[in-house]
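Hi,

Here is the structure I promised to pass on, with my notes on it underneath. Have a look at it first, then read on.

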Amino acid sequence: MPDSSDSISDIDILQQRKKEGIRIPLNNDVQARESSNYLEYVKLIHNALPELDYDGIDTSCIFLNHKLGAPIMIDSMTGGTPDATKINSRLGQLAEKYGLAMGLGSQRAGLRSAALAETYSVARQAAPNAFLIANIGGAQLSKGLSIDEINDIIEMIKADALAIHLNPLQELVQPEGEPKYKGVLTRIKEIVKVLDIPVIVKEVGAGISNEVAKSLENVGVAAVNIAGHGGTSWAGVEKLRAEIAQNTIKTRIGELFWDWGIPTALSLIEVRSAVKIPIIASGGIRNGLEIAKCLVLGANVCAMAYPFLKKADESFDNLLLFTETLVAELKSTMFLVGAQTIHELKASHCRITGNLKEEISQ
Ligand SMILES: Cc1cc2nc3c(=O)[nH]c(=O)nc-3n(C[C@H](O)[C@H](O)[C@H](O)COP(=O)(O)O)c2cc1C
């Protein structure tokens, strides 16, 4: 779960929170309720004469100088509780097998003990060659997470990149949250300068606007993960936690802002028009057709969190079947638009309709 609080010092409480961060999305419906990711408003154009064979389709691509087997990323999720060990190990094996990129969950907990560090580093043991992304919270930066600590977090999984997550909505609703975002951009700039691996900045399900993307590009961020609205709602997750904590005001705020945020397709189009750096599309992406749509809209890679968590929790076989299906859906879409490579897919045309068309650059 995105990291949010410095006020909890006890390791047991921290582990409990991390456990709830996995169990609440798995055991409750905390997906977007009133609004979608807007990808239904994107129509790809059927090609009745694709002039290629399905078997000749190549889904490989290059992302931040690393070759991926498909433009798919397991989005940042977990670690910091024994429950996460099995999940991160399975996700790591999957990333290694298919050449996918993988983000780890917020790693500050891993600084507390060797045992907690192990809940993250299992992913690297399972995926010696995969592109793994370390994770820290933007709010932690404003509270003084040091460069030495960040280097320890990177070393913990021998990361190929560092993701910094921005989660102001979650900070607002979380019972222990501290919505302090003053000075975060300056710290991001400082970190970009001193690290020798790329820095990715991501949202956690409320999207990134073109202005924010420009600010991030201007300070040297290597890529943005827009993580828009339409999938897992962190206002929803924290609302349920606030209810358990009998915090009436936070419960009310979580309910009110459950569907707050920029829908994924809208965020993607706006950010693509504003910056040149690579974009990871995420937020409610649930199948290979939606992945293809995001690539046509300008994403370089697509990420998913909840669907991978669900399958990893069930069994490794289910996780494999899910991923094979996802790749088959992507390849089927490529066949039907006549794109043999990801490069050709990205050059395909689409039609934008409905609410998405109306809301672009309003
Ligand atoms: C169980 C769970 C835990 C998450 N924890 C983190 C985290 O620690 N750091 C982070 O940057 N994002 C975290 N996220 C957000 C995801 O990376 C992603 O941006 C968001 O869930 C949208 O994707 P989805 O709709 O496919 O779930 C988490 C998501 C889930 C479902």
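To start with the strands: in which sense do β7 and β8 pair, and over how many bridges? The sense is parallel, and there are four bridges between β7 and β8. One thing to keep in mind throughout is that this is a predicted model.

**The barrel**

That pair belongs to something bigger: eight strands close into a barrel, in the order β4-β5-β6-β7-β8-β9-β10-β11, with parallel pairing. On average, and ignoring direction, neighbouring strands of this sheet are turned by 30 degrees against each other. As background, strands of a sheet pair through backbone hydrogen bonds, either parallel or antiparallel.

If you want to walk along part of the barrel, begin at β6 (residues 131-137), which runs parallel to β7 and is joined to β7 by five bridges. Ile-136 has Ile-164 in β7 as its bridge partner. Next, Ala-163 is bridged to Ile-200 in β8. From β8 you get to strand β9 (residues 223-225) through three bridges, again in the parallel sense, and here Ile-200 stands opposite Ala-223.

Strand β8 (residues 199-202) is worth a look for its side chains too. Val-199 and Val-201 point one way, while Ile-200 and Lys-202 point the other way, and all of them are buried.

**Around the ligand**

The ligand is surrounded by 28 residues, and the closest are His-165, Ala-227, Gly-231, Thr-232 and Ala-305. Elements giving two or more residues to this shell are α1, β7 (161-165) and α13. Which of the elements has the largest share? That is α1, with three residues. By class, the shell splits into 13 nonpolar, 13 polar and two charged residues.

**Helix α13 and its neighbours**

Now for α13 (residues 306-314), which packs against two other helices in my notes. The axis of α1 (residues 11-27) comes within 10 Å of the α13 axis, and the two cross at roughly 95 degrees. That crossing is why α1 counts as roughly perpendicular to α13. On the α1 side, the residues involved are Ile-22, Pro-25 and Leu-26, and they meet Tyr-306, Leu-309, Lys-310 and Asp-313 of α13. Sorted by class, this contact has five nonpolar, no polar and two charged residues.

The other one is α2 (82-98). The axes of α2 and α13 come within 9 Å and cross at roughly 105 degrees, so α2 and α13 are roughly perpendicular to each other. Ile-87, Arg-90 and Leu-91 of α2 make the contact with Phe-308, Leu-309, Ala-312 and Asp-313 of α13. The class count for α2 with α13 is five nonpolar, no polar and two charged residues.

Which residues of α13 are buried? They are Pro-307, Phe-308, Leu-309, Lys-311 and Ala-312. The cover over them includes α1, α2, β4 (72-74), β11 (301-304) and α14 (316-337).

**One residue to click on**

Last, Tyr-120, which sits in helix α3 (residues 114-126). Is Tyr-120 buried or exposed? Tyr-120 has 28 other C-beta atoms within 10 Å, so it is buried. Leaving out residues up to four places away in sequence, Tyr-120 touches Gly-79, Asn-88, Leu-104, Gln-107, Gly-110, Met-156 and Ile-157. Ser-36, by contrast, lies 84 residues from Tyr-120 in sequence and 32 Å away in space, C-alpha to C-alpha.

Cheers

Definitions and conventions. Residues numbered from 1 in each chain as written. Predicted model: local features only at pLDDT ≥ 70, side-chain atom pairs only at ≥ 80, totals over all residues. Axes fitted to C-alpha atoms, helices over the stretch in contact; angles between N-to-C directions. Parallel < 35°, antiparallel > 145°, perpendicular 65-115°, else oblique. Contact = placed C-beta atoms within 7 Å. Nonpolar A, V, L, I, M, F, W, Y, C, P; charged D, E, K, R; others polar. Near = placed C-beta within 6 Å. Buried ≥ 20, exposed ≤ 12 C-beta atoms within 10 Å, placed from the backbone. Pairing = 2+ DSSP bridges.
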